[in-house]
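Here is a colleague's note on the model, set out as numbered points to be read beside the sequence and the coordinates.

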Amino acid sequence: MNQPNEPWWHGTSIYQVYPRSFADSDGDGIGDLRGIIDRLDHIAALGVQTLWVSPFFPSPQEDFGYDITDYTGVGQEYGTLSDAEELIRAAHSRGMRVMFDLVLNHTSDQHPWFLRSKGSRDNPKSDWYIWADGCGRDGRRPPNNWRSALEVNSAWQWCPERGQFYMATFLPFQPDLNYRNPEVKDAMFDVVRFWLDRGVDGFRLDIFGQIMKDPQFRDNPLSPHVVNGFPQGWRRQYTENTADNIDFARELHDVCAEYGDRILLGEVFGPPEVLRAYHADGAGLDLVFLFDFLRYRYDANWFTETIRRFEQAFPSPMQPTYVLENHDRSRTIDRVGGDPAKAAVLAVILLSVRGVPTIYMGQEIGMSNTYIPLDDALDPVASRFFRRLPEFVNRRLRERLNRDEVRTPMQWDGGPNAGFCPPGVRPWLPVNPDHVTVNVADETADPDSLLALYRTLSRVRRASAALHRGTLDLIPGLPEGVLGYRRTDAASGEQCATFANLGRREQEVRPISSTLLTGCGGATLDGELIRLPPDSAIIVRRTSSQRSAAGH
Ligand code: TEU
């Protein structure tokens, strides 16, 4: 469906599987690779074209796989290397591409490299991690002011064996690798080749923005910004999105280029205007996550301005990305008070804007956060930093601190354990009680379900050149509360338009003669009149052969 010279990933859509919680095939309460293979038909039926699988490599599981001890193996709870190979084949045979998660920034502190590295200052791995002497008379003060990604603690951890600090951008048990050491680069680029040799189509790159730090370890400057009366701490000038990091993206690109059209999708943080630098004129990362939609405001002006900003920062042939949920952040539906009508409107927007959308497993059925008190948290972020927070405060927070809440088992049916693992087995995290009504089986049978809408949207998007590869123009002058944009495919002349009413009053728009493609919330097209009740959305295709700038 793409143009012959257009890369495959331009028009793709991504589905994220968190393997531990997707499907448990062997009854140990933990999801596994075979479980994913068994459920691939669900993903294929959803119509998404690329599967991203979060880490399943050997790991002490302190951060549930984002702390790796062997990059070319498979954790025993997840299966075997041949399961991983079969997963790639099985996805390919259904016409899907596969991306694995690549955690370059850090290993587990149990990785043999780190165990060796921390042993002394002069062993063959001593320079594989970022080590520095401390400050102060006893050398026990951190080398500089660098904070961890979570901002709540220093990025430096004391190591008594070496009498030095090592850097850990995320959690203390995740020491950062030193990519200024060419041996480290070679070793990790070999990991990349190992999986490319086995047929993966690309990688999602974990906290990619923070890999290359300032070699002089200069202090980060104070941010001049004050938000809600709070100073914003230190700007990450020397630790995030540095010029060296952009160069590193180019080097990684070159490794992938040895294999043809494989892709790199970076988990990077920052404003779109900064993140676009990772494309490095097509020689860096192919896509970067833009996370603004994770914290959307359910408001037409907010969406209009955010889409405008993404369009300006990522003009064609660059592709912006859109993501409402992932394994770290609140479920969509909880941000709109559990209202399925609003979740449906968001789905229409997600799958009809220009760019690459990502759907997090369960989003398509409207899974919600499963409240789990901080005291019971398995998530190391919650258990290490937030356990003392009073529960009545935690309960009311919009941003969930305990990431377990968005990682509970996928809800396949309304039966015991939601079909995630056999009855009588205790799943690693509790199943959300709402699985009796919110589940794949029931929603498959219901043509008005959120799942049915996601499937229709994917089908419509794939079938329409305008929707999966066309340009995007925001439509000005729409009634209050209405977001609208046109998608145009120059080659075929096809033109579609999306209108979404996020306001409280019913509204009307008049597109030039169109046919209905799909919609939600009772939006109707009657002749040349679209009626949009509150929380409804519609996608129409222009029937008139004559194209004009006036789209409504
Ligand atoms: O996350 C990096 C990150 O900074 C956040 O998404 C973070 O999880 C969140 O702010 C905490 O509330 C990536 C992975 O997505 C995450 O699951 C890992 O724990 C982390 O890196 C370390 O590898």
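1. Before the points on the interior, one term has to be settled: helices, of at least four residues, and strands, of at least two, are DSSP runs that are numbered from the N terminus. The model is a predicted one, and the values in this note should be read in that light.

2. Enclosed space comes first. The structure holds 4 cavities of 30 Å³ or more, and the largest cavity has about 60 Å³ of space. Its lining is made by Leu324, Glu325, Thr332, Ile333, Ala343, Leu346, Ala347, Gln363, Gly366, Met367, Leu450 and Tyr454. At least two of the lining residues come from each of helix H9 (332–335), helix H10 (340–350) and helix H14 (450–463), and H10 gives the most, with 3 residues. By class, the lining of the largest cavity has 8 nonpolar residues, 3 polar and 1 charged.

3. Two of the helices that line this cavity also pack against each other. The axes of H10 and H14 lie 10 Å apart at an angle of about 15°, and since angles under 35 degrees count as roughly parallel, H10 and H14 are therefore roughly parallel to each other. The crossing of H10 with H14 is right-handed. On the H10 side the contact uses Ala343, Ala344, Ala347, Val348 and Leu350, which meet Leu450, Leu453, Tyr454 and Leu457 of H14. This contact of H10 with H14 consists of 9 nonpolar residues, with no polar and no charged ones. Ala343, Ala347, Leu450 and Tyr454, named here in the helix contact, are also among the residues that line the largest cavity.

4. A second helix pair deserves a separate reading. Helix H5 (residues 182–197) and helix H6 (residues 243–257) have axes that come within 10 Å and cross at roughly 40°, and H5 and H6 are therefore oblique to each other. Their crossing, too, is right-handed. H5 contributes Lys185, Phe189, Val192, Arg193 and Leu196 to the contact, while H6 contributes Phe248, Glu251, Leu252, Val255 and Cys256. The contact of H5 with H6 divides by class into 7 nonpolar and 3 charged residues, with no polar ones.

5. Turning to open space, the largest pocket has about 1900 Å³ of space. Of the 48 residues that line the largest pocket, Ala149, Arg236, Phe269, Arg295 and Arg329 lie nearest its centre. Two or more lining residues are given by each of strand S9 (230–231), helix H7 (272–275), helix H8 (300–313) and helix H11 (380–386). The lining of the largest pocket is made up of 20 nonpolar, 12 polar and 16 charged residues.

6. Two features of the backbone remain to be checked by eye. Most residues other than glycine have a negative phi, and most peptide bonds are trans. The peptide bond from Ser316 to Pro317, however, is cis, with omega near 10°, and Pro317 is found in the loop between H8 and strand S12 (321–323). Glu151, which is not a glycine, has a positive phi, near 70°, and Glu151 sits in the loop between strand S4 (131–132) and strand S5 (156–159).

Terms used: Residues numbered from 1 in each chain as written. Predicted model: local features only at pLDDT ≥ 70, side-chain atom pairs only at ≥ 80, totals over all residues. Heavy atoms only, no water. Axes fitted to C-alpha atoms, helices over the stretch in contact; angles between N-to-C directions. Parallel < 35°, antiparallel > 145°, perpendicular 65-115°, else oblique. Left-handed = near helix turned anticlockwise from the far one by under 90°. Contact = heavy atoms within 4.5 Å. Nonpolar A, V, L, I, M, F, W, Y, C, P; charged D, E, K, R; others polar. 1 Å grid on protein atoms, 1.4 Å probe; cavity = no way out; pocket = protein on both sides within 12 Å on 5 of 7 lines; lining within 4 Å. Points joined across faces, edges and corners; volume = space filled by probe spheres on them.
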